[in-house]
Amino acid sequence: MAEGNVERTLVLVKPDGVRRGLVGEIVGRLERKGLKLLAAKTLRITPELAQRHYAEHQGKPFYPSLIQHITSGPVLALAVEGRSAVPVTRLITGATNPQTAAPGTVRGDLALGITPNLVHASDSLESAARELALYFTPEEYLAYSRVGEEYF
Ligand SMILES: Nc1nc2c(ncn2[C@@H]2O[C@H](COP(=O)(O)OP(=O)(O)OP(=O)(O)O)[C@@H](O)[C@H]2O)c(=O)[nH]1
Ligand SMILES: [Mg+2]
């Protein structure tokens with residue numbers, strides 16, 4: 001019996017992930033878990049978009065380095081869908097600080113720096129709705145069935 005509501009969330013592969021060639025590794029982990037890719041685009045985040053995305057962190061000591069990093073190179077933005085997609089994607093991502101993130105998570109397996117921590121994942125349904133709207137229009141979500149969807 002299926003459990004958990006179908007949710008949509010935003011994942012970003014940050015500039016360090018793109019420049020290290022880890023896009024396939026990170027997207028593969030999401031796909032293998034059973035999450036569906038609804039939309040994807042590469043882009044260079046502008047300072048204006050970065051400020052809107054990370055508005056909650058304005059004024060914190062790490063804010064300047066966060067904005068500098070996220071605007072420093074191309075990112076891959078993904079709209080991801082699946083049952084309990086918001087918390088499940090956060091689990092796959094791992095704790096914010098890669099030095100304490102659990103093995104088996106993207107950050108725990110592949111990163112060491114807290115600023116270059118490879119990925120962003122929305123932290124709640126409300127954040128996901130707000131953040132998805134920053135990167136995608138409703139027409140950009142592609143509806144399709146995944147083969148084997150009944151197993152997820
Ligand atoms: N240097 C430094 N960076 C931090 C710290 N806390 C957060 N950050 C950076 O700011 C980003 C956003 O912080 P949070 O939203 O609290 O962490 P998160 O939800 O795990 O990460 P995101 O998915 O990127 O939003 C993190 O991914 C880090 O890159 C900190 O204490 N020091
Ligand atoms: Mg966050």
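Here is a walk through the ligand site of this structure and the pockets around and beyond it. Keep in mind that this is a predicted model.

Let's start with ligand 1, since it gives us a handy place to stand. Ligand 1 sits in the largest pocket, and the volume of that pocket comes to about 410 Å³. The pocket is lined by 20 residues, and those closest to its centre are K14, Y54, H57, T96 and N117. Turn to the ligand itself and you'll count 14 residues around it, the closest being H57, R90, T96, I114 and N117. So H57, T96 and N117 turn up among the closest residues to the pocket centre and among the closest to ligand 1 as well.

Now zoom in on the polar contacts. Where does T96 come in? Its side chain has an N or O atom 2.6 Å from an oxygen atom of ligand 1. H120 offers something similar, with a side-chain N or O atom 2.9 Å from a ligand oxygen. For K14, the distance between a side-chain N or O atom and an oxygen of ligand 1 is 3.0 Å. Taken on its own, ligand 1 has 590 Å² of accessible area, and the protein covers 78% of that.

What about secondary structure? Strand β4, residues 119-121, is the one to look at here: with three residues, it gives the most to the shell around ligand 1. The same strand, β4, also supplies the largest share of the pocket lining, again three residues. Helix α4 (63-70) joins in too, since α4 and β4 each supply at least two residues of that lining.

The chemistry is worth a glance. Around ligand 1, the shell is made up of six nonpolar, five polar and three charged residues. For the lining of the whole pocket, the tally is six nonpolar, eight polar and six charged.

Before you leave, swing over to the second largest pocket, which has a volume of about 300 Å³. Its lining brings together several stretches of the chain: V6, then K33, G34, L35 and K36, then E81, G82, R83 and V88, and finally R146, E149 and F152. Which strand gives the most to this lining? That would be β3 (residues 74-83), with three residues. By class, you'll find four nonpolar, two polar and six charged residues lining this second pocket.

Methods. Residues are numbered from 1 along each chain as its sequence is written. Chains are lettered from A and ligands numbered from 1 in the order in which they are written. This is a predicted model: local features need pLDDT of at least 70, side-chain atom pairs count only at pLDDT 80 or more; totals for chains, interfaces and linings use all residues. Side-chain values use heavy atoms; hydrogens and water are left out. A residue is near a molecule or strand if one of its heavy atoms lies within 4 Å of it. A polar contact is a pair of N or O atoms within 3.5 Å; within protein, one must be able to donate a hydrogen and the other to accept it, and residues adjacent in sequence count only if both atoms are side-chain atoms. Accessible areas come from the Shrake-Rupley method with a 1.4 Å probe; for residues, only the protein chains shown count as cover. On a 1 Å grid over the protein atoms alone, a cavity is a set of points where a 1.4 Å probe fits but cannot get out, and a pocket is an open set with protein on both sides within 12 Å along at least five of seven lines; lining residues have an atom within 4 Å of a point. A molecule sits in a cavity or pocket if more than half of its atoms lie within 2 Å of its grid points. Helices (H or I, at least four residues) and strands (E, at least two) are DSSP runs, numbered from the N terminus. Ala, Val, Leu, Ile, Met, Phe, Trp, Tyr, Cys and Pro count as nonpolar, Asp, Glu, Lys and Arg as charged, and the others, Gly among them, as polar. Grid points are joined across faces, edges and corners, and a volume is the space filled by probe spheres set on the points.
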